[in-house]
Structure formats: C-alpha cells, structure tokens
Amino acid sequence: MKLSHFNFDLPPELLAEYPAENRDEARLMVLNRAEQTIEHKSFKDLIDYFSADDVMVLNNTKVFPARLYGNKEKTGARIEVFLLRELNSETRLWDVLVDPARKIRIGNKLYFGDDESLVAEVIDNTTSRGRTLRFLYDGSYEEFRKKLTDLGETPLPKYIKREVEPEDQDRYQTIYAKNEGAVAAPTAGLHFSKHLLKRLEIKGVDFAEVTLHVGLGTFHPVEVEDLSKHKMDSEEAYVDHKAVTTINKGILEKRRVCAVGTTVMRALESSVSSNNTLNEFSGWTNKFIFPPYDFSIANCMITNFHTPKSTLMMMVSAFAGHDFMKKAYEEAVKEKYKFYTYGDAMLIL
C-alpha cells in the first residue's frame with residue numbers, strides 16, 4: 001500500500017467544527033465485513049449490535065489543557081506553546097511545540113499569565129518545530145501543575161478555526177476520562193453518554209479500560225509514499241491485569257471484543273502474546289498499523305471518520321479491508337457525514 005491509496009476529496013464543510021448536540025446522537029455508519037453491507041444509524045443504536053458478555057475496550061486517558069499563550073521577552077511577541085510531554089517533574093522540563101517557531105531561540109524567555117507569574121526558558125531545540133522548555137516557578141510541584149491548568153486552554157485541533165468555548169472543556173473529554181496525560185482526545189469515545197453506557201451495562205456488556213496517552217504523533221502527516229518508511233511518534237500506554245483478564249475471557253469465549261477507537265487498537269496490538277491473547281503492558285508504543293495487517297485481539301471497532309492520508313485511516317483500512325473502507329468513505333461523503341474530531345462515528349463488525 002502506498003500513501004496515494006489513502007487520498008480522497010473531502011469537502012471542507014464536512015469537517016465538524018462542533019460536536020453533536022447530544023453525545024450519543026451523532027450519526028453511526030455500520031460496516032459488516034462478512035456481509036459487505038453498510039447501514040446508517042444513530043450512535044445510540046450501537047446497543048443493538050452487542051450482547052451479554054461481549055467486551056468493549058475504552059481508553060480512559062484524560063486530556064489536559066495543553067495549549068498556552070505567552071509573550072517573548074523584550075519584543076512581547078505572542079507565542080503559542082503546546083505542551084507535549086513532561087520530561088522531568090523536578091526540574092520542570094517539558095517537550096513543547098512553539099508557534100511561530102522561527103522566532104524562538106535557545107536562551108529566550110517566555111512569560112505567561114497577565115501577571116507574568118510563570119516564566120519558561122528555552123534550553124534546547126529538539127526538532128525543527130519542537131523545543132525543550134524549563135519552567136521557572138517558585139511554588140511546589142502541585143502549585144506549578146495547577147498554574148499550568150489555570151493558564152492552559154483545551155487543545156482543540158488546528159482545523160477548528162473558531163475560538164475555544166466553555167463547553168469544549170467538557171465535550172473534548174470522554175465521560176470516563178481519568179488518567180491525565182493526553183494532548184488530544186480519543187475521539188471515538190466522545191460519543192458515549194452516561195445513559196448509553198448504563199444501558200450497555202444492563203444488557204450485560206463487559207467493559208475493560210486501557211490507557212494510551214494520545215500525543216500529536218497520531219496526527220503527524222505521512223510524508224513518504226512507501227508506508228513502511230513512516231515512523232510513528234511514541235505514546236505512553238498501560239494495559240493492566242484487570243483489563244487483560246476481561247479481554248482474554250472475551251477472546252476465549254469467542255465474544256465480540258470491540259476496540260473503541262484507534263488508540264485502543266494500538267494499545268492492544270502493542271501487547272499481544274505468542275498465542276494471540278493479551279499481555280499486561282506498561283511503556284511506550286510507536287506501533288504503526290497499515291494494510292496488510294493481521295489483528296490479534298479485537299474483532300470489531302468503533303472509530304470516527306478520518307482525514308485523507310492519515311495514519312488513522314490506514315488502520316481502519318487494515319481492519320475493514322481497503323476496498324470496503326473506500327466504498328464506505330465515498331458513501332460518507334455522499335451522505336454528508338461529519339469528519340474528524342467532533343465528527344460522526346463508524347462501527348466495523
């Protein structure tokens with residue numbers, strides 16, 4: 001498979017600027033791989049496709065307010081700082097992206113907040129766009145993290161051109177988010193409401209939670225025609241004993257094991273045993289899934305509609321079958337499904 005196999009015309013008006021009014025009322029396209037059928041449903045109809053003892057795997061990562069705006073010393077130029085990864089909590093070192101990058105040099109100081117109470121010094125140029133900052137702050141680590149949260153903004157993706165609104169703080173987070181560390185939401189999970197989760201639970205569906213802290217690597221453009229040459233950025237992932245027990249039971253009993261989102265699928269496929277069951281996992285994964293690929297754990301998945309040439313679309317293609325995925329995407333464009341972060345959803349059986 002080549003990069004050009006994943007290109008298609010996506011009308012800009014199909015990029016979702018806002019989420020559906022109610023989480024579980026987004027549209028749902030259901031793909032049945034065995035029958036090669038496509039159905040058009042509402043997300044809350046998901047319950048009709050699951051039975052008692054089927055397993056749904058959720059990513060419980062929590063998005064933190066990773067986008068800060070500061071001013072450069074002397075010039076006062078406004079600089080956007082996107083927090084990517086904490087490198088050292090004691091010395092307050094962070095990997096960040098800065099914009100505009102060309103204005104920032106090693107040694108520059110940036111000031112944050114109206115009172116400029118938070119200062120950062122650029123100590124390294126880690127990549128062409130990235131930097132390493134050391135935050136200079138006198139208070140305790142807890143006070144420092146609270147300061148970052150207070151000054152930070154919900155990190156909506158750049159394609160959303162509008163200002164961040166108060167409701168985004170809630171809507172750009174799954175209702176089961178608990179382990180802070182993501183700079184982007186695991187978007188397939190945004191469609192679950194408390195009511196829908198409760199109904200699934202009453203029906204007897206088992207839930208397993210894994211954690212994969214979504215980094216910006218998920219969205220990095222693929223710039224090589226030969227997909228085997230693309231390198232994914234590493235993301236931190238955890239699969240604990242409880243999740244392993246629930247998921248392996250589902251595999252053993254030949255139940256539906258549904259990965260809610262590409263991030264869950266990547267976490268699961270990063271920790272497969274030699275007999276195609278799940279192992280516990282704690283560490284970093286840079287797994288890149290593209291066709292052809294044999295999936296070992298999940299036999300169905302929920303995902304959003306992704307942008308052309310994205311690594312997410314490549315994973316969906318590997319799971320659904322490339323021709324079937326192309327047909328589904330053509331149908332989605334024709335039927336005006338909403339794409340990307342706040343867009344509609346797809347269930348692949």
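Which elements cover the buried residues of α6? In this predicted model, local features need pLDDT of at least 70 and side-chain atom pairs count only at pLDDT 80 or more, whereas totals for chains, interfaces and linings use all residues. Residues are numbered from 1 along each chain as its sequence is written, and side-chain values use heavy atoms, with hydrogens and water left out.

The cover of the buried residues of α6 includes β1 (27–32), α5 (262–269), β16 (300–304), α7 and β17 (345–348), where helices (H or I, at least four residues) and strands (E, at least two) are DSSP runs numbered from the N terminus. Of the 10 residues of α6, 10 are buried (under 20% relative accessible area, 1.4 Å probe, protein chains only), so this helix is largely enclosed by the rest of the structure. Just after α6, Gly321 takes a positive phi of about 95°.

The axes of α6 (residues 311–320) and α7 (residues 322–334) come within 6 Å and cross at roughly 120°, the axes being lines fitted to C-alpha atoms over the stretch in contact, with angles running from 0 to 180 degrees between N-to-C directions. The contact (heavy atoms within 4.5 Å) is made by Met313, Val316, Ser317 and Ala320 of α6 together with His322, Phe324, Met325 and Tyr329 of α7.

The largest nonpolar core, a set of buried Ala, Val, Leu, Ile, Met, Phe, Trp, Tyr and Cys residues joined through side-chain atoms within 4.5 Å, has 63 residues, of which Val57, Ile247, Leu268, Phe339 and Met346 touch the most other members. To this core α6 gives the most, with seven residues.

Terms used: Buried < 20%, exposed > 50% of the residue type's maximum accessible area, 1.4 Å probe, protein only.
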